[in-house]
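Visitor: I should like to go through the architecture of this protein step by step. Please take my questions in order.

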Amino acid sequence: MVKKVLVAIDGSDHASKAVELGADIAAKYDAELILLHVLLRRELPRELQRLAQAEHLAAGDGRRTTSAGMPVAGLGGYINLADGNERLTEDVLRLIGRKILENAERVATDHGAHKVTKRVEDGKPVETILEVAGSEKVDMIVTGAR
C-alpha cells in the first residue's frame with residue numbers, strides 16, 4: 001500500500017509532469033503527497049526563468065543573466081543572484097522555491113491529491129531527496145527526467 005509519495009520538483013516542464021503522475025498515484029491510494037524543492041544553486045533552467053518573469057520576480061527587460069543566476073526584482077531595484085550578497089541570494093532562492101511549490105500544489109490538487117505537504121530544502125539535490133525520503137518514510141519517489 002502506498003501511503004506517502006515524494007515528488008522532487010525544480011520548476012521544469014519535466015518536473016510538472018512528475019507532479020501530475022505523483023498526484024494521480026496519491027489520489028488513487030489516498031496517500032500523502034510531499035512536494036520537495038531543493039534550492040537551485042546553479043544556473044536556472046529556462047522554464048524557471050520564464051516562471052520568474054511571469055511572476056514579476058525577474059527582469060523582463062533584456063538584462064543579461066550570468067552563469068550564477070539572473071536579475072531578480074528586489075526592494076528598490078534589481079539584485080543579481082551572482083552579486084555576492086548571500087542573504088539576498090538565499091531569500092530570492094527561497095522565494096522562487098515557494099512559487100514553484102505553490103504552482104505544483106495547484107497541479108496536484110487538480111489531479112485529485114488532497115493531502116499535500118510542501119518542503120523547501122537546501123543541499124545537493126540527490127542527497128537531499130534521499131534524506132527527505134528516508135526521514136519521511138516515503139513509499140515512492142517521483143522525479144522528472146531531462
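Visitor: In what order do the strands of the open sheet lie?

Guide: This is a predicted model. Its open sheet has four strands, paired in parallel. The edge strands, each pairing on one side only, are β5 (116-121) and β6 (140-142). Neighbouring strands are turned by 25 degrees against each other on average, direction ignored. The strand order is β5-β2-β1-β6.

Visitor: Which residue in β2 is the bridge partner of Val 5?

Guide: The strands β1 and β2 run parallel and are joined by five bridges. In β2, the bridge partner of Val 5 is Leu 33.

Visitor: What angle does the direction of α1 make with that of β1?

Guide: Helix α1 packs on the sheet, where it touches β1, β2 and β6. The angle between the direction of α1 and that of β1 is about 175 degrees.

Visitor: Which strands does helix α4 touch?

Guide: Helix α4 covers residues 125-136 and also packs on the sheet. Its direction makes about 150 degrees with that of β2. The strands that α4 touches are β1, β2, β5 and β6.

Visitor: Which residues of the largest nonpolar core touch the most other members?

Guide: This core has 22 residues. The elements that give two or more residues to it are β1 (4-8), α1 (13-29), β2 (32-38) and α3 (86-110). The residues that touch the most other members are Val 5, Val 7, Ile 9, Leu 33 and Leu 35.

Visitor: How many residues make up the second, separate core?

Guide: Its members include Ala 8, Ile 34, Val 38 and Ala 133. The second core is separate from the largest one, and its size is nine residues.

Visitor: Which residues does Val 7 touch, not counting those up to four places away in sequence?

Guide: Val 7 belongs to the largest nonpolar core. With residues up to four places away in sequence left out, Val 7 touches Ala 18, Val 19, Gly 22, Leu 33, Ile 34, Leu 35, Leu 36 and Val 142.

Visitor: What pattern does the protein chain follow along the sequence?

Guide: The protein chain has four helices and six strands. Read along the sequence, these give the pattern β-α-β-α-β-β-α-β-α-β.

Visitor: What percentage of the contacts with a separation of 6 or more comes from residues 24 or more positions apart?

Guide: Of the 146 residues in the protein chain, 40% count as buried, that is, under 20% relative accessible area. Among contacts with a separation of 6 or more, the share from residues 24 or more positions apart is 67%.

Visitor: What share of the exposed area do carbon and sulfur atoms supply?

Guide: The protein chain exposes about 8,200 Å². Of this area, carbon and sulfur atoms supply 49%.

How values were computed
Residues are numbered from 1 along each chain as its sequence is written. This is a predicted model: local features need pLDDT of at least 70, side-chain atom pairs count only at pLDDT 80 or more; totals for chains, interfaces and linings use all residues. Side-chain values use heavy atoms; hydrogens and water are left out. A nonpolar core is a set of buried Ala, Val, Leu, Ile, Met, Phe, Trp, Tyr and Cys residues joined through side-chain atoms within 4.5 Å. Buried means under 20% relative accessible area, exposed over 50%, partly exposed in between (1.4 Å probe, protein chains only). Contact means heavy atoms within 4.5 Å. Two strands pair if DSSP finds at least two bridges between them. Axes are lines fitted to C-alpha atoms, for helices over the stretch in contact, and angles run from 0 to 180 degrees between N-to-C directions. Accessible areas come from the Shrake-Rupley method with a 1.4 Å probe; for residues, only the protein chains shown count as cover.
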